[in-house]
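Q: Please give me a close look at one helix pair in this model. Then show me some single residues and one pocket, so that I can place the pair in the rest of the chain.

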Amino acid sequence: MIKENIFSHNFNLVNYTTIKVGGIAEYFAEPVNAQEFIKLIEWSKFNNKKCQIIGAGSNLLINNIFLEGLTICTKKMRSIEIDSNTGIVEAEAGVMLPNLSNLLAKNGLEGGEWAIGIPGTVGGAICMNAGSRNLSLANNLISVKVINTKTLETLEIERKDIIFKYRFSSFQDNNLIIISVKLQFKPKGNIQKLIEKTKNNLKLKTEKQPYHLPSFGSVFKNPENKFAAKLIEETGLKGFKIGDAEISTMHSNFIINNSSASSKDIFELIILIQQKVLQNTGIFLQPEVRMIGFDYPN
């Protein structure tokens, strides 16, 4: 049985996305461990409720509408175990990437310094195959513990049985939800050097990207051999606004919420960028951002 007080009803999701817009969830829950998470998914299945999972909400545009069913946020699932001798790390889906990156450095584990400036969760990073250039957690993955939403079976899937492509994993196309991951990093590194490299990576990101303002991070995937930011800049759209949504003057592949942008403002700006870049170059930019509650294929 699941405790009724685990749910919030008619819950505003505005503070659960990094761009600070969102709709109203019919049911909302934040499990604190894997057991609660599994019970919530079972509850949604038995009660025939649609279930959607959000992590840190960094790659997410939620329409300002009523969202039927259960929305689960994994951010409180923060358990992490690090073996500094073997380099093996076990982390629940809600562990934040910057937290993981800092902990790896402090334990002398090499290979996670790039993740410091990415405001997402471990589960989200595996599902979306998030990364920086050619670096991603898929490179360090041993296995993933998942639950099948159709059968409610929990199972462990090895790295070789998961498809990863640029900003894509097979979790985007199947009925499996990530509970936790097992990762392998290079052990026994120089702790001071790793901490310094991690700090430096964060400095470089904050100097070039508008991390001080509400945004998604990168809005669009980079087309092959090209940069989305450069293509957007070449259309002259840098700094263009719809309502309070603006294409960042600091980095063209960022949309920022200046204070009171609506989900509609942001969505219209995404569509406008796609149209202008297509007219200018013949290239259709694919969003990195997941969109919930919009008539847009995800």
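A: The answer starts with the helix pair, then moves to single residues and the pocket.

This is a predicted model, in which local features need pLDDT of at least 70, side-chain atom pairs count only at pLDDT 80 or more, and totals for chains, interfaces and linings use all residues. Residues are numbered from 1 along each chain as its sequence is written, and side-chain values use heavy atoms, with hydrogens and water left out.

Two packed helices are described by the angle between their axes and the distance between the axes. Take helix α2 (residues 97-106) and helix α4 (residues 191-208): their axes come within 8 Å and cross at roughly 155 degrees. That makes α2 roughly antiparallel to α4. The cut-offs are under 35 degrees for roughly parallel, over 145 for roughly antiparallel, 65 to 115 for roughly perpendicular, and oblique for the rest. Axes are lines fitted to C-alpha atoms, for helices over the stretch in contact, and the angles run from 0 to 180 degrees between N-to-C directions. Helices (H or I, at least four residues) and strands (E, at least two) are DSSP runs, numbered from the N terminus.

Which residues meet? Ser101, Asn102, Ala105 and Lys106 are on the α2 side, and Ile191, Leu194, Ile195 and Thr198 are on the α4 side. Contact here means heavy atoms within 4.5 Å. The set divides into four nonpolar, three polar and one charged. Ala, Val, Leu, Ile, Met, Phe, Trp, Tyr, Cys and Pro count as nonpolar; Asp, Glu, Lys and Arg count as charged; the others, Gly among them, are polar.

Look harder at Ser101 in α2. Its relative accessibility is 1%, so Ser101 counts as buried. Buried means under 20% relative accessible area, exposed over 50%, and partly exposed in between (1.4 Å probe, protein chains only). Setting aside neighbours within four places in sequence, Ser101 contacts Gly112, Glu113, Ala115, Ile116 and Thr198. Thr198 is one of the α4 residues in the helix pair.

Now helix α1 (residues 34-46), which holds Ser44. Ser44 is buried, at 4% relative accessibility. Beyond its neighbours within four places in sequence, Ser44 is in contact with Lys49, Cys51 and Leu70. Lys49 sits in the loop between α1 and β3 (51-54). Lys49 is partly exposed, with a relative accessible area of 27%. Not counting residues up to four places away in sequence, Lys49 touches Glu26, Tyr27, Trp43, Ser44 and Gly69. Lys49 and Glu26 are 23 residues apart in sequence and 10.0 Å apart in space, C-alpha to C-alpha.

Ala34 is also in α1. With 9% relative accessible area, Ala34 is buried. It touches Met77, Glu92 and Ile179, residues up to four places away in sequence not counted. Ala34 and Ala229 lie 195 residues apart in sequence and 38 Å apart in space, C-alpha to C-alpha.

Glu92 leads to the second largest pocket. This pocket is lined by Ser79, Glu81, Glu90, Ala91, Glu92, Ser143, Lys145, Glu156, Ser180, Val181 and Lys182. The elements giving two or more residues to that lining are β7 (88-92), β10 (141-148) and β14 (176-184). The lining divides into two nonpolar, three polar and six charged residues. The pocket volume is about 170 Å³. A pocket is an open set of points on a 1 Å grid over the protein atoms alone, with protein on both sides within 12 Å along at least five of seven lines; a cavity is a set where a 1.4 Å probe fits but cannot get out, and lining residues have an atom within 4 Å of a point. Grid points are joined across faces, edges and corners, and a volume is the space filled by probe spheres set on the points.

Gly123 belongs to helix α3 (residues 122-128). Gly123 is buried, at 8% relative accessible area. Outside its neighbours within four places in sequence, Gly123 contacts Ala93 and Ile178.

Last, two backbone angles. Most residues other than glycine have a negative phi. Lys20 has a phi near 65 degrees, a positive value. Lys20 lies in the loop between β1 (8-12) and β2 (24-29), and is partly exposed at 36% relative accessible area. Arg167 has a positive phi of about 55 degrees, although it is not a glycine. Arg167 is in the loop between β12 (164-165) and β13 (168-169), and counts as buried at 11% relative accessibility.
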